[in-house]
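I set out to record, entry by entry, what I looked up in this structure. The sequence and the structure come first, and my notes follow.

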Amino acid sequence: SLFNFLQLLIGGILVLPLFIGSLISSGKRAMKTSSIWKVCSKVPFFGPAVFSWLVTIVTPYTGSVGAKIVTMTDDFCQAEMVERPWLHNPFNSIHAVALTNLGELTSGLLLIAQFENKKGTRGIVKELNTSYHKKARGKITAQCHTTLPLENGTHDMEVETVMKDSQGDLVAITKALWQVQVGVTKSADKAKTK
């Protein structure tokens, strides 16, 4: 829509100088997810829209639900999705898979940012489950709190995203089971590939 285009255009114009400044002062670290969020979040309203658009560029499928990232800290992420006709199921509410997509985006974005900020850490989703508690209508807010394991090694880590409607009622919970490796070194990676 024209509104979204103008929001991104204005946001891009306002965020770009801040991002260039961050790139000059921080170098390669400015390209981390959390660093990009910090720059974008300095521009109210427009900055989070630019960040959310960047997420859809990197993950086009996730972008299909039109989620907006609202808040991101070291251990918390909040995203929102507004009901749209193309997100409907036959029962005139938001489709179950769109809710799962929102839940996975919220937890996945938080974990990716954490991986980037802890050297030698990586992970992959092994399992994804969503339980549904109420028909989803209107604006849905997804929240995820999590931290990475402190110990080196391979860990199975369940990360939960809770989704509520604008009345504060529980709509869905997405649980992602991640296999997380902490303390991975390049030499260990090379040894595994031989």
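**Entry 1: contacts of one residue.** Which residues does Leu99 touch, not counting residues up to four places away in sequence? I worked with a predicted model throughout. I found that Leu99 touches Met81, Ile94, Tyr132, Ala136, Ile140, Met163, Val171, Ala172 and Thr174.

**Entry 2: the nonpolar core.** I next looked up the largest nonpolar core, which holds 41 residues. Leu99 is one of the members that touch the most other members, together with Phe51, Ile69, Met81, Ile94, Leu102 and Ile140. I then asked which elements supply at least two residues of this core. Among the helices, they are H2 (33-40), H3 (46-58) and H5 (96-117). Among the strands, they are E1, E2 (76-82), E4 (139-145), E5 and E6. Helix H5 gives the largest share of the core, nine residues. I noted the general background as well: in soluble globular proteins, nonpolar side chains tend to be buried together.

**Entry 3: the sheet.** In what order do the six strands of the open sheet stand? I read the order as E1-E2-E4-E5-E6-E3, and the pairing is antiparallel. Strand E1 (68-72) and strand E3 (122-132) are the edge strands, since each pairs on one side only. On average, neighbouring strands of this sheet are turned by 20 degrees against each other, direction ignored. As general background, strands of a sheet pair through backbone hydrogen bonds, either parallel or antiparallel.

**Entry 4: two pairs of strands.** I examined E1 and E2, which pair in the antiparallel sense over four bridges. These two strands, E1 and E2, form a hairpin with three residues between them. Within this pair, Thr71 stands opposite Gln78 in E2. I then turned to strand E5 (residues 153-164) and strand E6 (residues 170-182), whose antiparallel pairing runs over 12 bridges. Here Gly153 stands opposite Val182 in E6.

**Entry 5: cysteines.** How many disulfides does a search of the whole structure find? The search finds zero. I looked up why Cys77 has no such bond: its sulfur is 7.3 Å from the closest cysteine sulfur, in Cys144, which is too far for a bond. A pair counts as a disulfide when the two sulfur atoms are within 2.5 Å. Cys144 is likewise in no disulfide, and its nearest cysteine sulfur is that of Cys77. I also checked whether these residues are buried or exposed. Cys77 is buried, with a relative accessible area of 0%, and Cys144 is buried, with a relative accessible area of 0%.

**Entry 6: positive phi.** Which phi value does Phe45 have? Phe45 has a positive phi of about 65 degrees, although it is not a glycine. This residue, Phe45, lies in the loop between H2 and H3 and is partly exposed, with a relative accessible area of 48%. Asn92 is not a glycine either, and its phi is positive, about 65 degrees. I located Asn92 in the loop between E2 and H5; Asn92 is partly exposed, with a relative accessible area of 47%.

**Entry 7: confidence.** Where in the protein chain is confidence lowest, and where is it highest? Confidence is lowest in helix H6 (residues 186-193), at a mean of 57, and highest in E4, at 98. For the protein chain, the mean pLDDT is 89, and 95% of its residues reach 70 or more. I added a general caution: where pLDDT is low, the predicted coordinates should not be read in detail.

How values were computed:
Residues are numbered from 1 along each chain as its sequence is written. This is a predicted model: local features need pLDDT of at least 70, side-chain atom pairs count only at pLDDT 80 or more; totals for chains, interfaces and linings use all residues. Side-chain values use heavy atoms; hydrogens and water are left out. Two strands pair if DSSP finds at least two bridges between them. Axes are lines fitted to C-alpha atoms, for helices over the stretch in contact, and angles run from 0 to 180 degrees between N-to-C directions. A nonpolar core is a set of buried Ala, Val, Leu, Ile, Met, Phe, Trp, Tyr and Cys residues joined through side-chain atoms within 4.5 Å. Buried means under 20% relative accessible area, exposed over 50%, partly exposed in between (1.4 Å probe, protein chains only). Contact means heavy atoms within 4.5 Å. pLDDT is the predictor's confidence in each residue, from 0 to 100.
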